Amino acid sequence: MIQILRLKNGEDIIGEVNQNGNDFEINEPMSVGYETRGGQSGLIMSHWLPVQLIDKNITTIHGTDVLTTFNPNKEFEDYYLDTVERFHRVIEAKKIGRDTSELQSLRH
């Protein structure tokens, strides 16, 4: 299930979440934030883990680090899934040496 975890340090993490006892296993965790430029604000979503350095983009967050969890609305869930898909295409393109200009369009 796609969920957002608000951590005690104020970070918001979205991903496919499975709760295991007190802990949360998160597949494809993305950090969610806001950026203001020129008087306009926009959503920023980026990998939470250094995906270039790891084998699998899965992590476990201890329940003691989580303040609350909530379900994203359908529009935001679709945005997350689309972003993950686009990142996968860019990473795959890099592996086989294709043009990665799409990476520029991923910077929201």
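1. How many helices and strands does the secondary structure of the chain come to? In this predicted model, the count is two helices and six strands, and a reader who starts at the N terminus will meet these elements in the order β-β-β-β-β-β-α-α.

2. Strand S3, which covers residues 23–37, is a useful place to begin, since several pairings can be followed from there. With strand S2 (residues 12–20), S3 pairs in the antiparallel sense over eight bridges, and one bridge to look for is that between Asn20 and its partner in S3, Asp23. The hairpin of S2 and S3 has two residues between the strands, and in this hairpin Gly21 takes a positive phi near 65 degrees.

3. S3 also pairs with strand S4 (residues 40–47), again in the antiparallel sense and over eight bridges; here Thr36 stands opposite Ser41, a residue of S4. Two residues lie between the strands in the hairpin of S3 and S4, where Gly38 has a positive phi near 55 degrees.

4. A further partner of S3 is strand S5 (residues 58–61), which runs antiparallel to S3 and is joined to it by four bridges. Within this pairing, Asn27 has Ile58 of S5 as its bridge partner.

5. For the chain as a whole, which has 108 residues, buried residues make up 34%. Among contacts with a separation of 6 or more, 48% are accounted for by residues 24 or more positions apart. The exposed surface of the chain comes to about 7,000 Å², of which carbon and sulfur atoms supply 47%.

Conventions: Residues are numbered from 1 along each chain as its sequence is written. This is a predicted model: local features need pLDDT of at least 70, side-chain atom pairs count only at pLDDT 80 or more; totals for chains, interfaces and linings use all residues. Side-chain values use heavy atoms; hydrogens and water are left out. Two strands pair if DSSP finds at least two bridges between them. Buried means under 20% relative accessible area, exposed over 50%, partly exposed in between (1.4 Å probe, protein chains only). Contact means heavy atoms within 4.5 Å. Accessible areas come from the Shrake-Rupley method with a 1.4 Å probe; for residues, only the protein chains shown count as cover.
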